[in-house]
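Here is a short report to read alongside the sequence and the 3D view. Please keep both open as you go.

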Amino acid sequence: MNVPKIVFFGTPEFAAMVLNELKNANLTPILIITRQDAKKGRGLKLSPSPVKLWAKENNVEFWQPENLKDEKFLGKLRELKTDIFLIASYGKILPEILLNIPPFSVINIHPSLLPKYRGPSPIESAILDDAEETGVTIMLVDEEMDHGPILKQETLNLNHKKYFYKELEKELAKLGGKLLVETIPKWIVGEIIPQEQDHSKATYTKKYAKEDGRLDWQTNAETLERKVRALNPRPGTFTFWKKNNRLARLIITEVKLIENENNKKPGEVFEKNGEFAVTAEKGALLIKRLKPEGGKEIASRDFLRGNRQILDSKLEYKY
């Protein structure tokens, strides 16, 4: 079989890691389509997506269309006479007019075992749910979100391992990229029969916003620990500390589950082996790393050296 001509749609780091697997298998796309540069950081400067950076580093042509239904854009796509389109976390639903362009359809790689965890945050949701397993699905794309027939799936047994988001993202991207490489040639020569999803078993995820990262110390410590692992680095998890008569935000990036000591009440802070911990409804969280308001991420023990007044204080849920 000749090497297929591929157009790849993707935006975040997950998609960039999938591109690495395609490149390693000599399936580098002839064109990459990614979202427009987004405003990020305190200065709201325009920043390129990880996929755009990958395209530049690997000398692959990339486009950043505003409107996927634009006739000029669609015409240029048709002129390429590509074989297949691939999608990995692009961030937009492709319109039907675009789906009909490639002769071997449009294939999506999704980091869950569909129909479970459809939508924008399957990795976060698996961690938050303390799922025993997750995986990747290679599927045909239709006009509905994560709805099309399945070509291939592979399971990743989590065994209650305490994955952080970035760790699980990397593992699923590598697993999914390799499965995609295996699936593409078999699909093109007709060796795979698509299987309809059981839509009655579908579950849906939401896009997590900044406010979802608030840590409510009236919540079970295990739930909060999973929240910290799932929602960092984005959108981040945070609490508030009353410092110098004003509430300062503390972004909590790494924690460890421990027992509540001295019958502290939820939100109360105590010292533990040179670091500080916060009591929750059941148990406590030992803060390992954090980012003070306006500062860089540091270790808990380094923060405590200059902020011992946090001990015996009470952290707040609301500003």
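The sections below cover aromatic rings, charges over rings, backbone features and a surface patch.

## Aromatic pairs

Please keep in mind that this is a predicted model. A good place to begin is with the rings, since the structure holds six aromatic pairs. Take Phe9 and Tyr90: their ring centres are 5.5 Å apart and the planes meet at 85°, so this pair is edge-to-face, the class for angles over 60 degrees. The contact joins distant parts of the chain, with Phe9 in strand S1 (residues 6-10) and Tyr90 in the loop between S6 and H4, 81 residues apart. Are these two residues buried or exposed? Phe9 has a relative accessible area of 0% and is therefore buried. Tyr90 also counts as buried, because its relative accessibility is 2%.

Another pair is made by Phe276 and Phe303, where the ring centres are 5.7 Å apart and the planes lie at 45°, so the arrangement is tilted. Here, too, distant parts of the chain are linked: Phe276 belongs to strand S13 (residues 275-279) and Phe303 to helix H8 (residues 300-306), 27 residues apart. Both of these phenylalanines, Phe276 and Phe303, are buried. To return to Phe9 and Tyr90, ring pairs join them with Phe85 in a cluster.

## Charges over rings

Which residue lies over the face of Trp63? If you centre your view on that ring, you will find Lys76, at 4.5 Å from the ring centre. A second example involves an arginine: the charged end of Arg249 is placed over the ring of Phe238, at a distance of 4.3 Å from the ring's centre.

## Cis peptide bonds

The backbone has some details to look at as well. Between Leu114 and Pro115 the peptide bond is cis, and omega is near 15°. Pro115 can be found in the loop between strand S7 (106-110) and helix H5 (122-128).

Arg234 and Pro235 are likewise joined by a cis peptide bond, with omega about 0°. To locate Pro235, follow the loop that runs between helix H7 (221-230) and strand S10 (237-243).

## Positive phi at two asparagines

Where does Asn244 lie? Its place is the loop between S10 and strand S11 (246-258), and Asn245 is found in the loop between S10 and S11 too. Asn244 is not a glycine, yet its phi is positive, at about 50°. For Asn245, phi is near 65°, again a positive value in a residue other than glycine.

How do these asparagines stand with respect to the surface? Asn244 has 65% relative accessibility, so Asn244 counts as exposed. Asn245 is exposed as well, because its relative accessible area is 73%.

## A nonpolar patch on the surface

Which residues form a nonpolar patch on the surface? They are Ile93, Met145 and Tyr204, and together they have about 320 Å² of accessible area.

Ile93 is worth a look while you are there. This isoleucine sits in the loop between strand S6 (84-88) and helix H4 (96-99), and Tyr90 of the edge-to-face pair also lies in the loop between S6 and H4. The two residues contrast in their accessibility: Ile93 counts as exposed because its relative accessibility is 53%, whereas Tyr90, at 2%, counts as buried.

Notes:
Residues are numbered from 1 along each chain as its sequence is written. This is a predicted model: local features need pLDDT of at least 70, side-chain atom pairs count only at pLDDT 80 or more; totals for chains, interfaces and linings use all residues. Side-chain values use heavy atoms; hydrogens and water are left out. Patches are made of residues with over 30% relative accessible area and no salt bridge: like charges are joined within 9 Å, nonpolar side chains (Val, Leu, Ile, Met, Phe, Trp, Tyr) within 5 Å. Accessible areas come from the Shrake-Rupley method with a 1.4 Å probe; for residues, only the protein chains shown count as cover. A salt bridge is a side-chain nitrogen of Lys or Arg within 4 Å of a carboxyl oxygen of Asp or Glu. Helices (H or I, at least four residues) and strands (E, at least two) are DSSP runs, numbered from the N terminus. Buried means under 20% relative accessible area, exposed over 50%, partly exposed in between (1.4 Å probe, protein chains only). Rings of Phe, Tyr and Trp (its six-membered ring) pair if their centres lie within 6.5 Å; planes under 30 degrees apart count as stacked, over 60 as edge-to-face and the rest as tilted. A charge sits over a ring if NZ of Lys or CZ of Arg is within 6 Å of the ring centre and within 35 degrees of the ring normal.
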